[in-house]
Amino acid sequence: MSVTAIGDYRFAPRDAQANFHGNIVVYLHWEGHNSFCAALAFPLPPDMPFGAILSDLLPTCYGSHPDWAKIDWNAATWTLDGAPFTPDPARAIGAQGIGHKSLLRFWTPGLDGVGGSRS
Amino acid sequence: MNAPTPPRRKLSLKQRHALLTRGLGWDTTYQPMDKVFPYDRFEGIRIHDWDAWEDPFRLTMDSYWKIQAEKERKLYAVIDSFAQNNGQFGLTDARYLNAVKLFLQGVTPLEYMAHRHFAHVARHLRGVGPRVAAQMQSIDELRHAQTQIHTISHYNKYFDGFHDWRHMYDRVWYLSVPKSFFEDAVTAGPFEFLIAVSFAFEYVLTNLLFVPFMSGAAYNGDLATVTFGFSAQSDESRHMTFGLEVMKFLLEQDEANVPIIQRWIDKWFWRGYRLLSLVSMMMDYMLPKKVMSWAEAWEMYYEESGGALFADLARYGIRPPKHAGVATKEKTRLSHEVWCIFYNYTHAAAFHTWDVDTEHKDWLAQKYPDTFDRLYRPRLDLWAEQAASGQRFYNNALPQLCTTCQIPMGFTEPDDPTTICFRNTEFAGERYHFCSDGCKDVFDPEPQKYVQSWLPVHQIFQGHCGGAGMEDVLRWYNLNVGVDNMDYAGSPEHRQWVDWMRGRRIAAE
């Protein structure tokens, strides 16, 4: 459908990938830990290896939570844009289907937030 | 010889009203009416008889000026006395003023925008009755903006975060929420604007904004805010009547208007409700002395009053807003989720948040027996412990935002308050994310409008907000870094307040 307007109404999307200086925007969300209020947004180079997200990026964001140090990454499950996903830490994020404005959600079994509150 | 002048009769009220409203209009002849009024047809709304418009308040411009001038005189007398008597000392606590900062930064600019756009509507509807009503409302809204600025300027002398609200409105991340709401409304046609602002906001939802703010002010010793609230109250009731009259007029003019209006009600109920989520946080978390909980306000002002309204409109074929049921499901979690967002990002806000004390937590547990102790108290306790050990939690990364409401995506699934709600859609090869079905349903019929969303987080990444570092962005916002932002505990205005109160205790002994 189109916008109800007095004339032709077409605009370029403001958040097209080309506007991010070579990066893509990737959203990451740790399920069951809602004291982090929302998924996190990062501008990332598509050739960045997935492993760097785990080793460099996420600890600086989630490390203050008492559950963070207890994560067993072999047991973690992931979805990418709604579909089950098995990340390969060695490969580039852009080479394993992670695109501009992709959403990655991950679950860490056995960790239910402070006092089981999912916080 | 001069003819004798006939004695001048005083006009009856009815005659005066007719002359000063309908009598001011005419059909143009040099130019066709469709060219003079180019905006009142393209939305598909059909009007057969503009004269069927019933002016609900029978107010003419000359008496309008008199009434408003009297209100102004009273208001400014109180404001002067508040300033002379150092009214700020009578507040319950300086934390209260953070709600007033949010009001000045987020609501006052909307009053000004409403002034501008009601002036536009007053020019562009071809019916004289609604034009006169829109003209008065335009002047009301300018008055509201002005009185709020004048009243609140007193607090700017002593407290932080009040100094550059108009600049912040165009830049600060959370102020893109009210800004985008209103810009969506003013870029629609005049009828959608009236349903959005006059009906959905002013009639259906306004009590959830003004009653909590003004009662909150009264409970917390803020005589200044109470006064502009009272001064605006009779205007607001006129605006509500206008909103209902617009709705009934459009519905009675043509049956083909009904589905168009229903779509606007669905959209603007949801957009207004998401905007008011900021009020839920104010009510439950920011008032030292509480009025009522958000859930109680929702029950009273939406479930009861709104229920009766939509029962009344059913005879026109109008049903309640599509996602009203979701809003009702969210009533026991909304304020907690929004407070969480602002606690996470207080380092980037022009007001403070803080750790909630035990008495306050107990009040929340009492008001939210099914959710608070189970879901929210543990996170507040964790944060308080972290703060006590010198590690106050601030979220180090930027949040994902909803494309429509532009609020960080912190809302949960309608039937599961422990899982964040993610919705998305694809349009022209691009992905778009939403916090709710309500926000996705706003985007899907008019994607071309929302692909332009100025999402603050993405704008920072694109390099349009002063730089890449947090401090660069805050300076671009014109925040006074380390003063306006961060936790209330230990802030300059906290220290000042403690100092003032210390002086007061000694003097009283």
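**Exercises on helix packing and a shared sheet**

In this predicted model, the crossing of H6(B) and H11(B) is left-handed.

**Exercise 1.** Determine how helices H6(B) and H11(B) are oriented towards each other, and which residues make their contact.

*Solution.* Helix H6 spans residues 128–156 of chain B and helix H11 spans residues 223–253 of chain B; they pack at an angle of about 160°, with axes 10 Å apart. Angles over 145 degrees count as roughly antiparallel, and H6(B) and H11(B) are therefore roughly antiparallel to each other. On the H6(B) side, the contact residues include Pro130(B), Gln137(B), Asp140(B) and His154(B). On the H11(B) side, Ala224(B), Phe228(B), Asp235(B) and Val246(B) are among them. By class, seven residues of the contact are nonpolar, 10 are polar and two are charged.

**Exercise 2.** Establish the strand order of the six-stranded sheet and identify its edges.

*Solution.* The open sheet runs S4(A)-S3(A)-S5(A)-S1(A)-S2(A)-S1(B), with mixed pairing. Strand S4 (83–85) of chain A and strand S1 (398–399) of chain B each have a single partner strand, so one side of each is left without a neighbour in the sheet. Within the sheet, S1(A), residues 24–30, runs parallel to S5(A), residues 102–107, and five bridges join the two. In this pairing, Tyr27(A) has Leu103(A) of S5(A) as its bridge partner.

**Exercise 3.** Assess whether the radius of gyration of chain B agrees with that of a compact globule.

*Solution.* Chain B has 22 helices and five strands. For 509 residues, a compact globule would have a radius of gyration near 23 Å; the value for chain B is 25 Å, which agrees. Along the principal axes, the C-alpha atoms of chain B fill a box of roughly 95 × 65 × 45 Å.

Terms used
Residues numbered from 1 in each chain as written. Chains lettered and ligands numbered in written order. Predicted model: local features only at pLDDT ≥ 70, side-chain atom pairs only at ≥ 80, totals over all residues. Axes fitted to C-alpha atoms, helices over the stretch in contact; angles between N-to-C directions. Helix = DSSP H or I, 4+ residues; strand = E, 2+ residues; numbered from the N terminus. Parallel < 35°, antiparallel > 145°, perpendicular 65-115°, else oblique. Left-handed = near helix turned anticlockwise from the far one by under 90°. Contact = placed C-beta atoms within 7 Å. Nonpolar A, V, L, I, M, F, W, Y, C, P; charged D, E, K, R; others polar. Pairing = 2+ DSSP bridges. Rg over C-alpha atoms; globule rule 2.2 N^0.38 Å.
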